[in-house]
Amino acid sequence: MGLVQKLTKPFIDTFVFVWDFNLFLLNVLLPAHKPGHVVPAGAPGHGGTWPVYIAPKDGDSRSACPMLNALANHGILPHDGKNITFKELNTSVRQTFNFAPSFCFFVPKFSADFLDRSYWNDKFDLADLSKHNAIEHDASLTRHDAALVPDQGKPDLQLVDELLKEATGKTSEGGALLTKKDLSLALSKRRYAARKTNEAYTESKFHNMFGSANSSTMLTIFGGRVDDLRPMLTDERFAPNWEPRILSRFGLTMAAFNGTVLPVERGIDVKKIEQQEKARQQPQSETVT
Ligand code: HEM
């Protein structure tokens with residue numbers, strides 16, 4: 001990060017958190033969007049009509065983020081995933097997913113900073129966002145670790161399947177629903193497995209929180225609905241007629257999002273998985289000896 005970015009960061013961060021909290025309060029006070037009207041008129045996906053999906057071609061740039069890849073696959077961001085401005089990323093995430101403007105500024109600005117670029121003037125390719133241990137981290141739910149699979153631009157379909165199989169909830173229409181508990185369990189299993197299989201495995205409080213935050217979007221923006229998550233996580237495409245499940249007028253604020261992220265992170269128990277695994281292996285080793 002350059003000197004100017006370093007000096008201005010504390011002021012910008014404080015401004016963003018105050019802004020976010022104000023939007024959180026306004027969301028409590030003002031009426032929410034009606035279902036079917038969350039994506040603004042004139043924006044791609046308004047009324048559930050998404051631009052056509054085209055799978056990525058050789059040479060297209062894709063990231064470790066399924067949702068941003070979907071924006072490119074539907075042509076909401078450039079289909080080749082290249083030369084995107086940070087401001088463009090801000091707008092498309094806000095309009096498409098109904099995240100609050102504070103979040104939509106904060107994360108692209110954070111990304112510009114870790115790439116040592118200017119949020120205001122510079123561009124990036126989607127693959128740039130996968131810089132290891134910036135936002136991208138080990139023990140993800142949809143990708144094996146970067147040390148094992150350097151191309152983080154594609155989902156691992158077996159991991160996605162294992163994740164969606166964890167869903168224990170039911171929607172009112174009887175569809176499978178991923179809950180906070182399910183997500184904590186899935187993250188516990190991934191952290192345990194990644195520690196065992198990746199010699200270069202690293203973990204920190206900061207990246208664990210990022211892991212819980214990334215995956216908690218599946219519970220908030222996608223309402224945990226497996227029918228909508230499956231096409232998003234496997235093909236990185238929107239389900240027909242999809243719209244964000246967050247109806248708040250000013251979108252999902254970081255303050256409100258913490259109400260999901262913190263319990264998901266608190267519910268992670270890697271030790272328990274380790275003990276279960278040991279108990280599972282013990283009777284087998286006893287029979288062998
Ligand atoms: C605002 C710009 C965004 C940036 C720069 C960004 C970046 C990233 C990165 C680098 C990862 C990889 C993390 C890992 O190693 O697991 C990731 C994963 C993810 N992101 Fe994003 N993302 C953004 C917006 C979003 C939005 C709007 C959503 C949801 C609507 C979302 C949902 C996810 C999910 C579900 C994962 C996968 C987590 C996993 O595999 O465990 N992201 N994102």
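**Notes on the pocket, the iron and S111**

1. Starting with the space itself: the largest pocket holds about 1,200 Å³. Keep in mind that this is a predicted model.

2. Who lines it? The lining of the largest pocket runs to 47 residues. If you want a handful to centre a view on, F103, I135, F210, A213 and N214 are the ones that lie nearest the pocket's centre.

3. On the helices involved: α1, α2, α3 (86-97), α4 (101-114), α7 (205-220) and α9 (254-266) each put at least two residues into the lining of the largest pocket. The largest share is from α7, with nine residues.

4. As for chemistry, the lining of the largest pocket splits by class into 33 nonpolar, 11 polar and three charged residues.

5. Now the metal. Which protein atom serves as donor to the iron atom of the ligand? That would be SG of C65, at 2.4 Å, and C65 is the only protein donor there. C65 sits in a loop, the one between α1 (3-29) and α2 (66-73). Those two helices, α1 and α2, are also among the ones that each supply at least two residues of the pocket lining.

6. One more residue to look at is S111, in helix α4. Is S111 buried or exposed? It counts as buried because its relative accessible area is 3%, under the 20% cut-off. Leaving aside residues up to four places away in sequence, S111 touches F86, L129 and I135. You've met I135 already: it is one of the residues nearest the centre of the largest pocket.

Definitions and conventions
Residues are numbered from 1 along each chain as its sequence is written. This is a predicted model: local features need pLDDT of at least 70, side-chain atom pairs count only at pLDDT 80 or more; totals for chains, interfaces and linings use all residues. Side-chain values use heavy atoms; hydrogens and water are left out. Donors are N, O and S atoms within 2.8 Å of the metal (3.2 Å for Na, K and Ca); water is not among the atoms, so sites may look incomplete. Helices (H or I, at least four residues) and strands (E, at least two) are DSSP runs, numbered from the N terminus. On a 1 Å grid over the protein atoms alone, a cavity is a set of points where a 1.4 Å probe fits but cannot get out, and a pocket is an open set with protein on both sides within 12 Å along at least five of seven lines; lining residues have an atom within 4 Å of a point. Grid points are joined across faces, edges and corners, and a volume is the space filled by probe spheres set on the points. Ala, Val, Leu, Ile, Met, Phe, Trp, Tyr, Cys and Pro count as nonpolar, Asp, Glu, Lys and Arg as charged, and the others, Gly among them, as polar. Buried means under 20% relative accessible area, exposed over 50%, partly exposed in between (1.4 Å probe, protein chains only). Contact means heavy atoms within 4.5 Å.
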